[in-house]
Amino acid sequence: MNPLDALTALWSLGGLPPQALAGIALTGSDPVFPSSFAVGTAAQASIAAAALAACELGHERGASRQRVAVDMAHAAAECTGWFTLDGQEPELWDPFAGLYRCADGHVRVHTNFPHHRDGALRLLGLDPATATRADAEQALLGWKALHFEQAAADHALVATALRSFAEWDATPQGQAVAAQPLMTITRIADAPPRALPPLAADERPLAGLRVLDLTRILAGPVGGRALASFGADVMLVNSPNLPNIAAIAETSRGKRSAHIDLRSEAGREALWRLVEGAHVFSQGYRPGGLAALGFSPEALAARRPGIVAVSLTAYGPQGPWAGQRGFDSLVQTAMGFNHAEGEAAGDGKPRALPMQILDQASGFLMAFGAAAALWRQSREGGSWHVQVSLAQTGHWLRGLGRIEEGLRAGRPDLSPWLADEVSGFGLLRAVRPSAQLARTPAGYARPSVPPGTDRSNW
């Protein structure tokens, strides 16, 4: 599928006016990174959809439409999430993370959080204080891949067996994902149209809109960062009790960052005060996690009529894996991408996609869905729920088609798209936004800061 067709299909899914598509310019073609999949098209189409929807919402608020241009190579570079701090590229993967051979195949284990790593090692009968990667490799040779996958899920850990596309398609979860649309934007309650703050001609299209960002691992934070780049006032809300990953320095550009402990009554009250002034509530915790604390989409709509709730899951809202935790690398492995890349390379050696494109594209789809739902709210009223999942994004990526000889492509030089900023983490060098807005350029009005830097109030 070519990028414009992919964008047009997304635009229709969002229910936005087709005439706005005249304002988009898409340049470049796959392959832009070494992959047999259309990762460049996925990056470009999802970023273009988010940017154009933000601009269409700005138009709804009284601004004239503006031209949006997205170059595919720049978009794919942005989706690498590459960054340095004080000239050093952080180590983003725990030493135990990755693909392991089993008795009858492979499993991928995600260990970037200490409790996941220690749990996986204990499941293997190893002492987390003394185990080595070689110990884990030897222990997993005694497991069948699907048995370890199930045992990990039973212990609330995160690991998936390596499957081919055919094997994934035969699973109940694969069939559930295939039967669903890429994403859903659903009216969940009645509410009058909300008058949005007026927009000055020189303001970015989402200026004056408030977004609560309760997301943690890549996809959700990317979505919040995208909304911030188009002018939204985004507040990242972290728990003071949970660990974070190094990528938070890159994904926190443009955001405030506050700590709230939702296990306390005072913390829940603080979040409700923020909700009362918010237009969007985006969350990416495990399915049902925030609902158990009282912050389901329905509860948000009851307290703040007209709100747009955005929810991210690993495997979607339907199927036997709907409640399971998951991360991009694991979903790639489970769904067949790693196996397919190995087949395309000719050596059969499983290999990951060249960037975490399921996370990245899902993040921009969350931003697109939020802007589209706000546009619909301003016209139709109602409270809205946007649902995105890594697996549904994966199914979409697969449907974009394969790139013949795509693995022969070289990795492009990122330097033309890099920018430096002084952040709360150190000197941050990262990729600039790839969406080029003709009148009000995308960018980050706030520097990236560590969790807890800001007060929890608007």
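This section describes a three-stranded sheet with the helix packed on it, and a contact between two helices, in a predicted model.

The sheet is open, and its three strands follow the order E1-E2-E16 with mixed pairing. Strand E1 (residues 24–27) and strand E16 (435–437) lie at the edges; each has a single partner strand, so one side of each is left without a neighbour in the sheet. On average, neighbouring strands are turned by 20° against each other, direction ignored. E1 and E2 are paired in the parallel sense over four bridges. Leu 26 has Val 70 of E2 as its bridge partner, and Thr 27 stands opposite Asp 71 in E2. Helix H2 (residues 39–60) packs on this sheet and touches E1, E2 and E16. The direction of H2 makes about 165° with that of E2.

In a regular strand, side chains alternate between the two faces of the sheet. Strand E2 (residues 68–71) shows this alternation: Val 68 and Val 70 point to one face and are buried, whereas Ala 69 and Asp 71 point to the other and are not buried.

Helix H9 (residues 219–229) and helix H15 (residues 357–380) have axes that come within 7 Å and cross at roughly 45°. H9 is therefore oblique to H15. The crossing of H9 past H15 is right-handed. On H9, the contact is made by Ala 219, Gly 220, Val 222, Gly 223, Arg 225, Ala 226 and Leu 227. H15 contributes Asp 359, Gln 360, Ser 362, Gly 363, Phe 364, Met 366, Ala 367 and Ala 370. Of the residues in this contact, eight are nonpolar, five polar and two charged.

Key: Residues numbered from 1 in each chain as written. Predicted model: local features only at pLDDT ≥ 70, side-chain atom pairs only at ≥ 80, totals over all residues. Heavy atoms only, no water. Axes fitted to C-alpha atoms, helices over the stretch in contact; angles between N-to-C directions. Parallel < 35°, antiparallel > 145°, perpendicular 65-115°, else oblique. Left-handed = near helix turned anticlockwise from the far one by under 90°. Contact = heavy atoms within 4.5 Å. Nonpolar A, V, L, I, M, F, W, Y, C, P; charged D, E, K, R; others polar. Buried < 20%, exposed > 50% of the residue type's maximum accessible area, 1.4 Å probe, protein only. Pairing = 2+ DSSP bridges.
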